[in-house]
Amino acid sequence: MKIFNSEQLRLLDAYTIKEKGIASVDLMERAASVFVEIFSEIFGAEESVRIICGTGNNGGDGLAVARLLHQKGYTVFVDIINGNESADFKINLERLNQQQIPWQYVAELKLAPTDIIIDAIFGFGINRPTTGIYQKTIAAINESKSKVVAIDIPSGLFPDASSENHSIVKATHTISFESPKLAFMMPENDKWVGKLHIAPIGLSEQKKAELKTDYHYTLKADIKPLAREQFGHKGTFGHALLIAGSKGMMGAAVLASKACLRSGVGKITTHIPRDTAQILQISIPEVICQESENKSCFSESWNTDTLQKYDAVGIGPGIGTKNMNGFENFLLNFPTNTPLVIDADAINLLGENPSLLKYLPRNVILTPHPKEFKTLIGQLWENDFEKLELLKGFAIKNGVIICLKGHYTAMALPSGEVHFNSTGNSGMGTAGSGDVLTGIILGFLAQGYSVKEAAIQGVYEHGLAGDRAATKRSERAMIASDIIENFI
Ligand SMILES: NC(=O)C1=CN([C@@H]2O[C@H](COP(=O)(O)OP(=O)(O)OC[C@H]3O[C@@H](n4cnc5c(N)ncnc54)[C@H](O)[C@@H]3O)[C@@H](O)[C@H]2O)[C@@H](O)CC1
Ligand SMILES: Nc1ncnc2c1ncn2[C@@H]1O[C@H](COP(=O)(O)OP(=O)(O)O)[C@@H](O)[C@H]1O
Ligand SMILES: [K+]
């Protein structure tokens, strides 16, 4: 799914009205009814609802929502912050009056206790930080004990730029129309957005396909697993090489190897430090163990020919950062066309010696978490929008795919595209989850997925397995092994 900016959403709105010949107020009605459908699945009619509206189209949505909830039997009360009224706002105010739904203009909002507040002050039309009565109202909403449901976007939040230090409504739920806003993908905005729901309102599919954006949100429909050939065998489903582990960190090698096998790969060889094979072999009998001649996981006898025998290579989980020479030697000898996934300490090694970046082969995926990303680029960022620009810049400059892990893992491609992942949960914030991801991506690469498919689909399926694990156990109790067990 594409993520559109506010300008594009306005275009889509206008085009849909023209193409489908529907009045803008009817599109507003559709948005309001989709909102009410989702809202009423979450909250019952016994809960009292106060709807706080601006006077633009977000406020108009609020008025239409008030009327539809009233018709469904909810007790509603509307507060309006006086301002320039949009045409569709005016129509909806008239409709509200016809139904005799109580409302008032507010000068200073004194909130009587209510179960739920619906926030309809500003939508994507916000163009400057909120001040005055708007700021005061937002503060009153945030200080109330009510649950808060934002229409389209929490009021005050900029959809396409950083809103640091602005006054913003703190929503428990955000029901957003048609596509998520870029701001929702940023960890710094988690506290405002709450649980995100996407509500399609039927904007023009043709126009959506035409409009170009760098930003995408991966959903089930975007996932196209490779067909498994009926006559295929372990020799055709790919042979992966994983370089992982060090003394005390063999669990990382175990988790990544097992996840790689579960991803459907034909064979995996796991290259580990000398005298550590027993741990791996007892944990996973299916793995081919290859011990290094030395105590690090880097072999001195590797050359391009030996590495070329594998369909894909993964390096990093649990390797430590002691052997820069070994890593350098590995990269210098790495075959140009073999896909490679680089994780964990291998990323830290690259960060310590950026001159090695030029030796990266063609098909590379890096999977840092934010701390590793900081080490890799050697600088910090002011806010998450700046971090996103740095991520894009890194992918473009180095011609690699880089997956910045987190709640909405961001995958930046050398083309400048960024794909945000929609699956996964906070239960995955547990040691070893990242090793599992490396194993899955490696397995996908070895089976013949392109680097783009392996990154996007690997991250999606990793999150999906994490969501299944959380359902069976709980976000609190699940551990990384549960992600592997729930990969199907
Ligand atoms: N996709 C769509 O295009 C649809 C949009 N709809 C709704 O329309 C909303 C956008 O409506 P509008 O463009 O009318 O804009 P808003 O309702 O978000 O804001 C209204 C106006 O407030 C003013 N404003 C901006 N920042 C301000 C500030 N800090 N202090 C005071 N005034 C400020 C601006 O002039 C802005 O146009 C969406 O978020 C959504 O809720 C829906 O009604 C239907 C379809
Ligand atoms: N709150 C969260 N929501 C969704 N996914 C998460 C969350 N926390 C962690 N994850 C996922 O779990 C994995 C953790 O990786 P990482 O930090 O490298 O762990 P480790 O180093 O312990 O293996 C990443 O894929 C990340 O996207
Ligand atoms: K809003």
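1. In this predicted model, a backbone N or O atom of D435 lies 3.2 Å from an oxygen atom of ligand 2. Two other residues make backbone approaches that can be read beside this one: for G434, a backbone N or O atom lies 2.7 Å from an oxygen atom of ligand 2, and for S433 the corresponding value is 3.5 Å. Of the 580 Å² of accessible area that ligand 2 has on its own, the protein covers 77%.

2. The surroundings of ligand 2 deserve a careful look as a whole, and they comprise 18 residues, of which K405, G406, H407, G432 and G434 come nearest. Sorted by class, this shell holds 13 polar residues, three nonpolar residues and two charged residues. Which helix gives the most to the shell around ligand 2? That is helix α15, which spans residues 433-446 and supplies four residues to the shell.

3. Turning to ligand 1, one finds that 23 residues surround this ligand, and that the closest are R10, D61, G123, R128 and D152. One of these closest residues, R10, has a polar side-chain atom that lies 2.8 Å from an oxygen atom of ligand 1, while an N or O atom in the side chain of D152 is 2.6 Å from an oxygen atom of ligand 1. A polar side-chain atom of N58 also lies 2.8 Å from an oxygen atom of the ligand. On its own, ligand 1 has 860 Å² of accessible area, and the protein covers 85% of that area.

4. The next point concerns how helices are arranged, beginning with helix α2 (residues 24-42) and helix α3 (residues 57-71), whose axes come within 9 Å and cross at roughly 55°. Angles under 35 degrees count as roughly parallel and those from 65 to 115 as roughly perpendicular, and α2 and α3 are therefore oblique to each other. As to handedness, α2 passes α3 in a right-handed crossing.

5. Helix α3 also meets helix α4 (residues 87-98), and here the two axes come within 8 Å and cross at roughly 20°. How are α3 and α4 oriented to each other, roughly parallel or oblique? The cut-off for roughly parallel is an angle under 35 degrees, and α3 and α4 are therefore roughly parallel to each other. Their crossing is left-handed, whereas the crossing in which α2 passes α3 is right-handed.

Notes: Residues numbered from 1 in each chain as written. Chains lettered and ligands numbered in written order. Predicted model: local features only at pLDDT ≥ 70, side-chain atom pairs only at ≥ 80, totals over all residues. Heavy atoms only, no water. Near = heavy atom within 4 Å. Polar contact = N/O pair within 3.5 Å; in protein donor to acceptor, adjacent residues only side chain to side chain. Areas by Shrake-Rupley, 256 points an atom, 1.4 Å probe, with all protein chains shown as cover. Helix = DSSP H or I, 4+ residues; strand = E, 2+ residues; numbered from the N terminus. Nonpolar A, V, L, I, M, F, W, Y, C, P; charged D, E, K, R; others polar. Axes fitted to C-alpha atoms, helices over the stretch in contact; angles between N-to-C directions. Parallel < 35°, antiparallel > 145°, perpendicular 65-115°, else oblique. Left-handed = near helix turned anticlockwise from the far one by under 90°.
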